[in-house]
Each structure stands twice: as structure tokens, then as C-alpha cells.
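Subject: Handover of a structure and notes on its contents

Dear colleague,

Please find the structure below, followed by an account of what was found in it. I would ask you to keep the view open while you read.

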Amino acid sequence: MQPYLKLDHIDKTFTRGAASTEVLKDINLTIGKGEYVSIIGHSGCGKSTLLNIVAGLTDATMGCVLLENREVNSPGPDRAVVFQNHSLLPWLTVYENVRLGVDKVFASSKTRSERDAWTMHNLNLVQMAHAKDKRPAEISGGMKQRVGIARALAMEPKVLLLDEPFGALDALTRAHLQDSVMAIHQKLRNTVLMITHDVDEAVLLSDRIVMMTNGPAARIGEVLDVPLARPRRRLEVASNPTYLKCRQRVLEFLYERHRFIEAA
Amino acid sequence: MSMPAMKTEATAVALPAASAPVVTMTPKRAPRAEKYLKMVRETAVRVVPPLIVLALFLLFWELVCRRVGSTLPPPSRVFKDTKELIFDPFFDHGGIDKGLFWHLSASLQRVALGYSLAAIAGVALGTLVGQSVWAMRGLDPLFQVLRTIPPLAWLPLSLAAFRDGQPSAIFVIFITSVWPIIINTAVGIRNIPQDYRNVAAVVQLNPLEFFTKIMIPAAAPYIFTGLRIGIGLSWLAIVAAEMLIGGVGIGFFIWDAWNSSHISEIILALFYVGIIGFVLDRMIAGMAKIVTRGTALN
């Protein structure tokens with residue numbers, strides 16, 4: 001496998017005055033092009049911090065992030081983020097929210113009408129073209145997240161970063177959106193790094209699952225391959241022995257070996 | 001809204017197609033009449049109670065001040081005395097002997113100028129203080145002290161500096177209304193959610209784009225709160241300032257009326273000052289509503 005995105009010996013320590021907390025310790029991870037990798041762990045283990053480091057929104061204390069063998073340490077559209085709480089700008093319409101990124105990324109490479117077409121193409125991809133003139137407050141949570149995904153995809157990122165994208169949604173909407181993300185991944189073959197705390201979600205969507213130990217100083221505990229053929233269908237996969245075995249492995253890791261003590 | 005529409009449909013379905021053109025017209029008109037009736041009713045609900053209170057107040061005032069030897073004139077007397085001023089606000093007999101329109105417009109011009117400067121400077125300084133920790137540490141304590149200085153206390157100093165009434169009055173308006181604009185803008189900028197900053201970082205907006213596309217819209221509700229407080233304060237300050245600087249202006253008109261013992265004219269002027277203050281406040285509120293419609297929804 002050709003390394004595409006590489007996390008090289010990443011440490012992260014938050015310092016506040018004299019006190020310092022080590023959040024991440026020696027994170028090494030290599031992701032191939034077109035791969036869908038999930039990071040799973042209990043809340044507070046630093047998975048969002050890790051994603052922010054990859055996105056460039058937070059600096060690593062030690063180590064670096066390499067994308068196509070080049071170090072990246074500031075945010076950019078090549079690593080577009082879908083934020084947990086959608087983060088759409090409430091004063092812009094759905095279309096304008098997506099267009100904002102398109103206008104910046106393709107300022108010189110696309111004409112005005114091409115940018116318009118590209119914005120609409122991405123809204124169509126997430127089935128949100130019908131609501132293009134609505135404002136975020138006028139659409140449902142699931143729809144907002146769809147627009148968030150469209151905004152990220154429209155920047156044509158090398159890596160798509162999903163920060164618990166379905167966390168704030170109800171179960172039915174979540175399932176629907178997971179299917180959409182799978183379909184989009186199938187079609188575009190983009191490289192995805194997703195943070196989640198949902199075991200089923202991780203197994204269903206991922207090629208590999210990275211399991212993190214509890215903080216402080218969280219490490220990568222185990223990496224699990226999910227050798228399920230794509231395209232995967234929710235109902236068929238649910239009774240598939242491989243699926244069940246993977247699910248079992250993740251559950252064992254999270255609830256036996258690295259039980260979250262504070263949650264008890 | 002949907003109720004009348006449904007009713008129309010129901011009627012249309014229920015009726016046989018016998019005399020179609022006449023019958024379909026009737027239900028179409030009914031909802032419109034209903035709509036107008038509803039509009040009239042809603043307006044009445046808002047307008048009638050204050051009118052009743054106003055009428056009662058005028059009656060009370062009339063009864064109290066009617067006696068011989070009362071120090072203030074009753075409303076009927078005020079109207080009789082100021083009829084000329086009310087019905088001809090545009091006369092100009094030279095000097096300060098002008099109609100109320102000219103006095104009010106002179107005051108409004110000063111406010112417009114001073115307030116516009118305050119709005120520009122306030123938003124700019126507020127952005128600086130909200131965005132930069134060091135600017136806040138340096139400037140905020142200064143602002144907190146300066147903003148407590150009463151508007152009129154600035155007047156002698158500005159007269160000394162400008163040596164003229166006109167710029168001094170404008171300066172007083174400026175210095176009165178700038179503080180709430182600065183402080184509210186700074187709070188608004190500081191409260192921009194980290195998410196929006198992250199979005200801007202990922203999209204790689206440059207500082208100017210960040211200012212116009214993220215900061216100003218995100219802080220708009222706060223900025224308009226400041227602007228609204230500011231316009232109220234400047235209208236408060238202009239009357240007091242004009243009393244001292246003289247010349248044409250509603251403040252000096254009131255002072256002049258007092259000196260000539262035209263109590264009725266003072267009352268009329270107060271009425272206008274109140275109405276205009278109210279209109280100014282509504283104008284800024286209306287502008288805020290239009291500009292922040294997206295932000296306020298969330």
C-alpha cells in the first residue's frame with residue numbers, strides 16, 4: 001500500500017501555566033489513497049485533538065503529519081473537515097455556504113459559471129439541491145450535516161476529515177446519512193479519516209478501525225482490518241460473520257481492556 | 001393562512017359544477033376580506049390601548065392644570081399657544097427665529113454626523129479590542145473609565161479645543177455614543193464561535209475576507225445592540241449640549257422658550273424630541289432586523 005497520509009510520531013501536550021497534560025503519545029498511522037479509516041475511542045481520549053492536528057487546526061507538540069510526503073501544519077482545503085455540529089454559517093444560504101469554499105479553492109482554475117455548476121453538482125451529490133436557497137436554521141439537523149459534507153467535498157480535498165459527523169443525529173437519520181457517505185465514497189474513492197464513538201458505524205463504513213486507549217497520553221491500542229467486500233449493505237452485512245467478528249473485537253477492546261472508568 | 005385556503009378547496013369540491021363562474025368567485029373573495037379584517041383587528045389591538053391611556057392622561061392633565069394659578073398650562077392651552085408652531089414648522093424669520101422643522105433638522109444633522117463617526121470608529125475599535133488580546137488589555141481599562149464620564153463634562157474641553165459650537169456638539173455626540181458601540185462590538189467579536197474560525201481557516205480566507213464574511217455578520221447582532229444604545233444616547237446628549245452652545249437646534253429652542261417663559265413651546269418641543277428619539281430607535285432596530293435576519297434565526 002502506497003502511504004498517502006502519514007501521522008509520524010505525534011505527541012500532544014496541553015500546557016496551561018505550570019500544569020501540563022499529555023493528551024496523545026506517539027501516534028503513528030499510515031493511510032493509503034482511497035482508504036476509509038475510522039478512529040474510535042471513549043470520549044476524552046483525544047481523538048478530536050488528533051483530527052484537529054491532521055486538519056492543521058491544532059499544532060502537534062512533537063511529530064508531524066505528512067500528506068503525499070509533504071509536511072502539512074496549517075489548515076487548508078486539501079484536508080477539508082466535516083465538523084460535528086455542521087458549523088454552517090447561519091447568515092448564508094445552503095448554496096452560499098458551499099460556494100464560499102468553492103470560490104476560494106477554484107478562484108483561478110474555474111470560471112464563475114463553472115464554480116456555480118460545481119457547487120450545484122456537490123449539492124446534488126448529497127441530495128440537497130432542492131434546499132439551496134434555504135438558510136441553515138430552516139433545515140433539519142441531518143440536512144445541515146449533508147450540506148457540511150457537500151461543503152467539504154466541494155473543496156476537492158485530498159483527505160476528507162469527518163469529526164463525529166453523525167453524532168448529533170437521531171438513529172434513523174444517522175443510518176440514512178451513513179448510507180449516503182458510503183455511496184459517495186464508493187463513487188469518488190476519496191481518502192477518509194473519520195472520528196466516531198459508534199462501533200457499528202465504524203465497522204460498517206471503514207476499511208480499517210484504529211482503536212485508541214484512554215487518556216491521558218492516549219496511544220493507538222490496536223488497528224483492525226475490516227475485510228468486508230464493498231459495496232456494503234446495512235441489512236446484509238448485519239448478519240455477516242466477518243462483520244460480527246469485527247464488531248466483537250472492537251467491543252472487547254473498548255469495554256474490557258480499555259474500559260472507561262470515569263463513565264462507570 | 002392555510003385555513004382559508006383549505007376552506008376554499010372544500011367549498012369548491014362540495015359544489016356541483018352547475019353555475020361554476022359565479023360560485024367559484026365567492027369563496028375566493030371571502031378569505032381576502034377575512035385577511036383584511038384580521039389585519040385591522042391586529043392593528044387595533046396594538047393601537048387602541050395606548051390611545052386610551054393617552055386620552056386618559058390628557059384628561060387628567062387638563063383637569064389638574066385647569067385651575068387658576070397653576071404653574072403649567074393644560075393641554076388645551078398648549079395647543080392654543082403653539083398652534084402657529086405646529087401648523088407652520090417651516091417659517092424662517094432669520095437668526096434663531098425659525099420654525100421647529102429647522103431646529104429639529106439642525107439637531108438631527110449634528111446627531112447624524114457625530115453618530116456616523118461614532119459608528120465607524122466604534123466598530124473599528126471594537127473589532128480591534130475583540131480580536132487582539134493585547135489591544136484589549138491596553139485599551140479596555142481606558143474605555144471603562146472614559147465611558148463613565150457624563151456627555152456634558154466633555155463639552156467645555158471640546159469648546160476649548162475646537163473654539164466653535166458646531167464641532168464641539170458633534171464631538172459630544174461622538175464621544176457619548178462611541179462607547180456602547182465599541183464595547184458591544186468587542187463582545188460580539190470575542191463571542192464568534194471557534195467553529196466559524198475553523199471554517200475560515202480550512203477554507204483559507206484572508207484577513208480581509210475573514211473580516212467581511214465571518215466577523216461582521218457573526219457579530220452583527222451585538223454590533224446593532226451597541227448602535228441602538230448609541231443612537232439613544234446621542235439624542236439624549238444633543239439636547240443638553242445645544243442648550244449650552246446656543247444657535248439653531250431643538251436644545252436651544254427649549255432653553256430659549258424657558259428664558260422667554262413660553263412653557264407651552266417647551267412642552268411641544270419635548271413632544272417632538274420624544275417622537276424623534278422613538279423613530280431613531282425604531283430605524284436602527286429595523287435596520288438590525290433586516291441585516292441580521294440570518295444570524296438571529298440561529
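How many helices and how many strands does chain B have? Chain B has 12 helices and zero strands; here helices (H or I, at least four residues) and strands (E, at least two) are DSSP runs, numbered from the N terminus.

Before the details, a note on conventions. Residues are numbered from 1 along each chain as its sequence is written, while chains are lettered from A and ligands numbered from 1 in the order in which they are written. This is a predicted model, in which local features need pLDDT of at least 70, side-chain atom pairs count only at pLDDT 80 or more, and totals for chains, interfaces and linings use all residues; side-chain values use heavy atoms, with hydrogens and water left out.

**Chain B as a whole**

Along the sequence, the pattern of chain B reads α-α-α-α-α-α-α-α-α-α-α-α. Of the 298 residues in chain B, 36% are buried. The term buried means under 20% relative accessible area, exposed means over 50%, and partly exposed lies in between (1.4 Å probe, protein chains only). Taking the contacts (heavy atoms within 4.5 Å) in chain B between residues at least 6 apart in sequence, 67% join residues at least 24 apart.

The exposed area of chain B is about 17,700 Å², and carbon and sulfur atoms supply 71% of it. Accessible areas come from the Shrake-Rupley method with a 1.4 Å probe; for residues, only the protein chains shown count as cover. Val47(B), Leu51(B), Leu54(B), Phe57(B) and Leu58(B) make a nonpolar surface patch of about 450 Å². Patches consist of residues with over 30% relative accessible area and no salt bridge, with like charges joined within 9 Å and nonpolar side chains (Val, Leu, Ile, Met, Phe, Trp, Tyr) within 5 Å. One member of this patch, Leu51(B), is found in helix 2 (residues 20-65) of chain B.

Ser264(B) belongs to helix 11 (residues 263-291) of chain B. Is Ser264(B) buried or exposed? Its relative accessible area is 3%, so Ser264(B) is buried. Leaving aside residues up to four places away in sequence, Ser264(B) touches Pro73(B), Arg77(B), Val78(B), Asp81(B) and Thr82(B).

**Aromatic rings**

Over all chains, the search finds 10 aromatic pairs. Rings of Phe, Tyr and Trp (its six-membered ring) pair if their centres lie within 6.5 Å; planes under 30 degrees apart count as stacked, over 60 as edge-to-face and the rest as tilted. One of the pairs is formed by Phe106(A) and Trp118(A), which are edge-to-face at 6.1 Å centre to centre, with 80° between the planes. Phe106(A) lies in the loop between helix 2 (94-105) and helix 3 (112-125) of chain A, and Trp118(A) lies in helix 3 of chain A, 12 residues apart. Both Phe106(A) and Trp118(A) are buried.

In chain B, the ring centres of Phe90(B) and Phe101(B) are 4.7 Å apart and their planes are at 55°, so this pair is tilted. Phe101(B) is partly exposed, at 36% relative accessibility. Phe90(B), Phe101(B) and Trp102(B) are linked by ring pairs into a cluster.

Charges also sit over rings, meaning that NZ of Lys or CZ of Arg is within 6 Å of the ring centre and within 35 degrees of the ring normal. Lys110(A) lies over the face of Phe106(A), 4.2 Å from the ring centre. Similarly, the charged end of Lys132(A) is over the ring of Tyr95(A), at 5.5 Å from its centre.

**Salt bridges**

Side chains of opposite charge can pair when their charged atoms come close. Over all chains there are 20 salt bridges, each a side-chain nitrogen of Lys or Arg within 4 Å of a carboxyl oxygen of Asp or Glu.

In chain A, Asp198(A) and Arg174(A) meet in one (3.1 Å, N to O). Asp198(A) is buried at 18% relative accessible area, whereas Arg174(A) is partly exposed at 22%.

In chain B, Glu242(B) and Arg110(B) form a salt bridge, with their closest N and O atoms 2.5 Å apart. Glu242(B) in helix 9 (residues 207-245) and Arg110(B) in helix 4 of chain B are 132 residues apart, so the pair links distant parts of the chain. Glu242(B) is buried, with a relative accessible area of 0%, and Arg110(B) is buried at 7%.

Yours sincerely
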